[in-house]
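I opened my notebook to look up a few things in this protein, one entry at a time. Here is what I was looking at.

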Amino acid sequence: MTVLVTGGAGYIGSHVVRLLQQQGRKVVVIDNLSSGVSQRIGEAILVTLDLAAEGAAEQLTALMAEHGVESVIHFAARKQVGESVLKPEWYFEQNIGGMAHLLEAMQHSDVRKLVFSSSAATYGIPTEDFVGEDYDCKPINPYGQTKLIGEWMLANAQRAWGLRGASLRYFNVAGAGWDDLADTAVMNLVPIVFAALREGRAPVVFGDDYPTPDGSCVRDYVHVLDLAQAHISALDYLNRDDRKYSTFNVGTGSGSSVFEVLDEIKKVSGIDFAVDVQARRAGDPPYLCADVSRIKDELGWVAKHNLNDIIESAWAARG
Ligand code: WQD
C-alpha cells in the first residue's frame, strides 16, 4: 500500500504526504530538493532523484519494486511561468521528460494508479470567467503547455496499458495546513505581499483597469489543505470501476480580486499598508476561476476553507 510522491518535499506535496501519513499509509518521497525542504516530510523515506535524468526510469522501476509501490502522486516539475518563457527547452526536458520516465517505470512495474499535478495555466486566457474542464485549452506559456501535454500523456497511458489516472488542475493555491508547511517560494501573490511587508515595501498591484468589479484581476484562491484533500479523494476515486473522467478542476468556484486579497491581509495582519498600482502584467486574464461541479459530483470533494481561512493560516505560518 505504499504511495510514491514525487515532489513530496514541496509546499503542496508535503501537505499531501502529511495527510497520507495521518491515514497510516507508507510514503516514499522522491525530491531533488531544488525547492523542496526535507524537514517537511517527517518519517517518510526520501530519495533524491532527478526524474528527467538519463537512467531515471530504471532507478524508478527499482524503487517501485523495493518499496512495494501501489500508486503515485506526481508533483515534481518546474513551475515558474516567467522562467518557462525564458527557458522553454529546459521546461519541456524537465517536465515532459520526467513524466515520460515516470510512466515508463510505472508500466514496467505494473503500477497503475497516478494522480497528476496539473494547472489552471492549461486554460491560458479563457473567454469565460468560470471555466470548466471541457474548455478548449490554449496555454499561453511553456509551463502551461507542459501541464497540458502531461495530461495527454496520462490519457495515452490509460488507453495504451490500463493506467488509472486523474489530472488535477490547480487554481490559485495559498495558505498553510500546518505552521511548518508555509509556502516559502516567493512566486505567487500572497507570499509576494508578505515579503514586501517584511521588507517595508508597498505591495504591487499589476493593473487596476481590468473589466472587473474593482479593476483588479479575479482569481479562485483555494486553501492548500483543501487541495491536498482533493489528492486523497482522487486516489480513492481511481479504485472505482465506474470512473467517467480523468481531469478535474480544483478550486472553490468563487473568485477574489487582488484588492480583496490585499484587504484580507490588512485585516488579518493589522497593517494598513499602502499599495503600489503598476501597469498590467503580460499574460494575466481578468478572470480565471473554476467551475467545480465535476469534482463535487464525481469525487464528492468541496473546498471547506474561505479566503479568510487562507490568509489567517498563511499569516500564522509566515515565520
Ligand atoms: C495572482 C494575481 C497577478 C503578484 C499562478 C500560476 C498558475 C497557477 C496559479 C500553478 C494576478 C496579481 C501578483 C503581485 C499582483 N499555479 N499579482 N501583484 O498568475 O494567477 O497563476 O498561480 O499551477 O500556473 O501562473 O498567480 O499569484 O502570480 O497572481 O497584482 O506582486 O495577483 O497579476 O492577477 P497567477 P499569481
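**Entry 1: a buried charge.** I am working with a predicted model. I began with Glu151, which counts as buried at 6% relative accessibility. I then asked myself: which residue forms a salt bridge with Glu151? The partner is Arg169, and the closest N and O atoms of the two are 2.6 Å apart. In sequence they are 18 residues apart, with Arg169 in strand 7 and Glu151 in helix 5. Is Arg169 buried or exposed? Arg169 is buried, because its relative accessible area is 4% and the cut-off for buried is under 20%. I also wrote down a reminder for myself: side chains of opposite charge can pair when their charged atoms come close.

**Entry 2: strand 7.** Since Arg169 lies in strand 7, I looked up that strand next. Strand 7 covers residues 164-170, and 6 of its 7 residues are buried. Which strands pair with strand 7, I wondered? Strand 5, residues 113-119, pairs with strand 7 in the parallel sense, over 7 bridges. In that pairing, Ser118 stands opposite Arg169. Strand 12, residues 247-250, also runs parallel to strand 7, and 4 bridges join them. Here I found Ser167 of strand 7 opposite Thr247 of strand 12. My textbook note for this entry: strands of a sheet pair through backbone hydrogen bonds, either parallel or antiparallel.

**Entry 3: two domains.** I turned to the domain assignment of the protein. It gives domain 1 as 2-173 + 223-250 and domain 2 as 175-220 + 252-316. How many Å separate the centres of the two domains? I noted 24 Å, taken over C-alpha atoms. Next I looked at how the domains touch: 40 residues of domain 1 are in contact with 33 residues of domain 2. The area buried between them is about 3400 Å², and carbon and sulfur atoms give 61% of it. Which residues of domain 1 lose the most area to domain 2? They are Phe130, His223 and Asp226, together 19% of what that side buries. A note on why I looked up an area at all: the size of an interface is often given as the accessible area lost when the parts come together.

**Entry 4: polar links across the interface.** I then searched the interface of domain 1 and domain 2 for charged and polar pairs. There are 4 salt bridges across it, and 18 residue pairs are in polar contact. Which elements supply at least two residues each to the side of domain 1 that touches domain 2? I listed helix 1 (11-22), strand 6 (130-131), helix 7 (224-237) and strand 12. Helix 7 gives the largest share of that side, with 9 residues. I met strand 12 earlier as a parallel neighbour of strand 7, so I was pleased to see it return here.

**Entry 5: more salt bridges.** Over the whole structure, the search finds 16 salt bridges. One of them joins the side chains of Asp134 and Arg294, at 3.1 Å from N to O. The two are 160 residues apart: Asp134 is in the loop between strand 6 and helix 5 (142-161), and Arg294 is in helix 9 (residues 293-299). Are these partners buried or exposed? Asp134 counts as exposed at 68% relative accessibility, whereas Arg294 is buried at 12%. Another pair is Glu298 and Lys244, whose side chains meet at 3.7 Å, N to O. I also noted Asp284 with Arg281, where the closest N and O atoms are 2.9 Å apart. Asp284 counts as buried at 14%, while Arg281 is partly exposed at 45%. Glu133, Asp134 and Arg294 form one network, joined by salt bridges that share partners.

**Entry 6: a small sheet.** My last lookup was an open sheet of 4 strands, in the order 6-15-10-13, with mixed pairing. Which strands stand at the edges? They are strand 6 and strand 13 (256-257); each has a single partner strand, so one side of each has no neighbour in the sheet. Strand 13 pairs with strand 10 (residues 218-219) in the antiparallel sense, over 2 bridges. In that pairing, Val218 has Ser257 as its bridge partner.

Definitions and conventions
Residues are numbered from 1 along each chain as its sequence is written. This is a predicted model: local features need pLDDT of at least 70, side-chain atom pairs count only at pLDDT 80 or more; totals for chains, interfaces and linings use all residues. Side-chain values use heavy atoms; hydrogens and water are left out. Buried means under 20% relative accessible area, exposed over 50%, partly exposed in between (1.4 Å probe, protein chains only). Two strands pair if DSSP finds at least two bridges between them. Domain bounds come from an automatic or database domain assignment. Contact means heavy atoms within 4.5 Å. Buried area is the accessible area (1.4 Å probe) that two parts lose on being put together, summed over both. A polar contact is a pair of N or O atoms within 3.5 Å; within protein, one must be able to donate a hydrogen and the other to accept it, and residues adjacent in sequence count only if both atoms are side-chain atoms.
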